[in-house]
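Please open the model in your viewer and keep the selection panel at hand. The tour proceeds from the ligand outward.

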Amino acid sequence: MAIKNITTPDFGSAADVTVTQILVKSGDVICVDAPIVSLESDKATMDIPSSDAGTVKEIKVKVGDAVSTGAVLLTLEVGRETVAKTASAEHSTTTQAQPIKQVEQTQSIQTATTKERVSHREGDFVTKPAESAEEVHAGPGVRRLARELGVSLNEIQGSGPKQRVLREDVEAHTQNQVTRGAVSPIMSLPTVNFSDFGATELEPLSRIKKLSGKYLQRNWMLIPHVTQFGEADITTLDAYRVERNITLKKQNIKLTILPFVIKALVASLKAFPHFNASLDAASENLVLKKYFHMGIAVDTDEGLLVPVIKNVNQKGLIDLAEELVVLSERARQKQLTPGELQGSSFSISSLGSIGGTGFTPIINYPDVAILGISQAFYKPIYEEGHFVPRLMLPLSLSYDHRVIDGATAARFMVHLTTMLSDIRNLLL
Ligand code: CAO
């Protein structure tokens, strides 16, 4: 018999993540890969699998705790046969975060727990307030949520151990404020009984949709968006792309328009550094980034994910094409780790393979701008006295108007379309 510590995997980021559920209890006998806790970061939720089989001795974390890479989650008593099995797999103890996945059963448990807390707390949140929000026990994720919702932590009674304020407490408090009319009515929408109008059926939102929905709503409501439209003449770019694809096909590589747009964006971001920036916490300074990490919106069965291709300025078109395939496939197979979903300095949402003439993408905070790409189409362009067919790529640039002026956005768009209209510009 031996006691083993089961720890969190490498998140690939310095940021803490929050424990949202404990999926086992002391005395449980678990097998290798059994999910033991659920964690939630800014961008993703994940179930952490056990690296060993054995009996759970002691759970070392609580719901609401912020944990970082290598934190001990629980201790496990492993039997002799388990030890032998584990020994052979010893080198793999740096467990990868289990892919983001939907666990219907645990999800419904969580919902029930949240509801219980809400009903218990309704009309009952008058407590002895802490002197300041800093003195309140709360993890970084909860503090951030409270900041984003504009509520003060010292008004909230924590339901966690030692009155720690949990995510549910902040949500319940906000809900209570809305119900009491203390928050602007735009925060709450009226309830509609749809069966008054005909037959209906309920389809639960996927876990990814619920999570990304919260962030999309927050970003859309809290960032003043303006969208600048443009069209790039990609006739020569596309002719080159089609020609290159003939030889690349033998290597099983396909060059789409997207890697060209990424390269053109790097040039435009270098020329307009305010687009490759974030506002600091006080919204008083711009944090200008010297790196170029591109968030790419990927459409998956369970909703939208935005993995990040790092250092796109150091990569060639083929590298980018290959990385796009790998990353979007990992997103669709739910294999992304939180590290792969963090750190973007600018983002792209491409609906070009599907269709449409334009859309207004929502900024992927903390970025200050996002580029939407729609489907390229032939259009008659008036040139030297007559119309010629040119392949045009519709672009839509949503930007944070607190950071970027309309005139600068229009200049950025002209720069970007100029880069794309003649790819020799990218060599300059
Ligand atoms: N105009 C015309 N054709 C386009 C195009 C465009 N703008 N963009 C892509 N295409 C073509 C490609 O050339 C490819 O053609 P072939 O199959 O003939 O070679 C085809 O469409 C499929 O491209 P793709 O989608 O596989 O590759 P991509 O590099 O263009 O995009 C990715 C990769 C991951 C961005 C994409 O697959 C995806 O998931 N897009 C959806 C993103 C999304 O949902 N955004 C909305 C967010 S807000 O809800």
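Which helices and strands each supply at least two residues of the shell around the ligand? Select α7 (257–271), β13 (298–300), α8 (317–332) and β16 (346–350): each of them does so. Helices (H or I, at least four residues) and strands (E, at least two) are DSSP runs, numbered from the N terminus. This is a predicted model, in which local features need pLDDT of at least 70 and side-chain atom pairs count only at pLDDT 80 or more, while totals for chains, interfaces and linings use all residues. Residues are numbered from 1 along each chain as its sequence is written, and side-chain values use heavy atoms, with hydrogens and water left out.

**The ligand shell**

Next, display the 22 residues that surround the ligand, each having a heavy atom within 4 Å of it. The closest are T256, R332, S349, S374 and A376. By class, the shell comprises 10 nonpolar, eight polar and four charged residues; here Ala, Val, Leu, Ile, Met, Phe, Trp, Tyr, Cys and Pro count as nonpolar, Asp, Glu, Lys and Arg as charged, and the others, Gly among them, as polar.

Now inspect pairs of N or O atoms within 3.5 Å, the cut-off for a polar contact. A ligand oxygen lies 2.7 Å from an N or O atom in the side chain of T256. A ligand nitrogen is 3.1 Å from a polar backbone atom of S350, and a ligand oxygen is 3.4 Å from a side-chain N or O atom of S353. The protein covers 69% of the 960 Å² of accessible area that the ligand has on its own (Shrake-Rupley method, 1.4 Å probe).

**Strand β19 and its partners**

Move to β19 (residues 386–400), where 11 of 15 residues are buried, that is, under 20% relative accessible area (1.4 Å probe, protein chains only). Strands pair if DSSP finds at least two bridges between them. Add these antiparallel partners:

- β9 (residues 225–233), with nine bridges; F229 is partnered with S396.
- β17 (residues 369–373), with five bridges; A369 is partnered with Y399.
- β18 (residues 377–383), with seven bridges; K379 is partnered with R390.

Zoom in on the hairpin of β18 and β19, which has two residues between the strands. E384 in this turn has a positive phi of about 45 degrees.

**The nonpolar core**

Finally, select F275 and F346, which touch the most other members of the largest nonpolar core, a set of 51 residues. Such a core consists of buried Ala, Val, Leu, Ile, Met, Phe, Trp, Tyr and Cys residues joined through side-chain atoms within 4.5 Å. Helix α7 gives the most to this core, with nine residues.

Terms used: Polar contact = N/O pair within 3.5 Å; in protein donor to acceptor, adjacent residues only side chain to side chain. Buried < 20%, exposed > 50% of the residue type's maximum accessible area, 1.4 Å probe, protein only.
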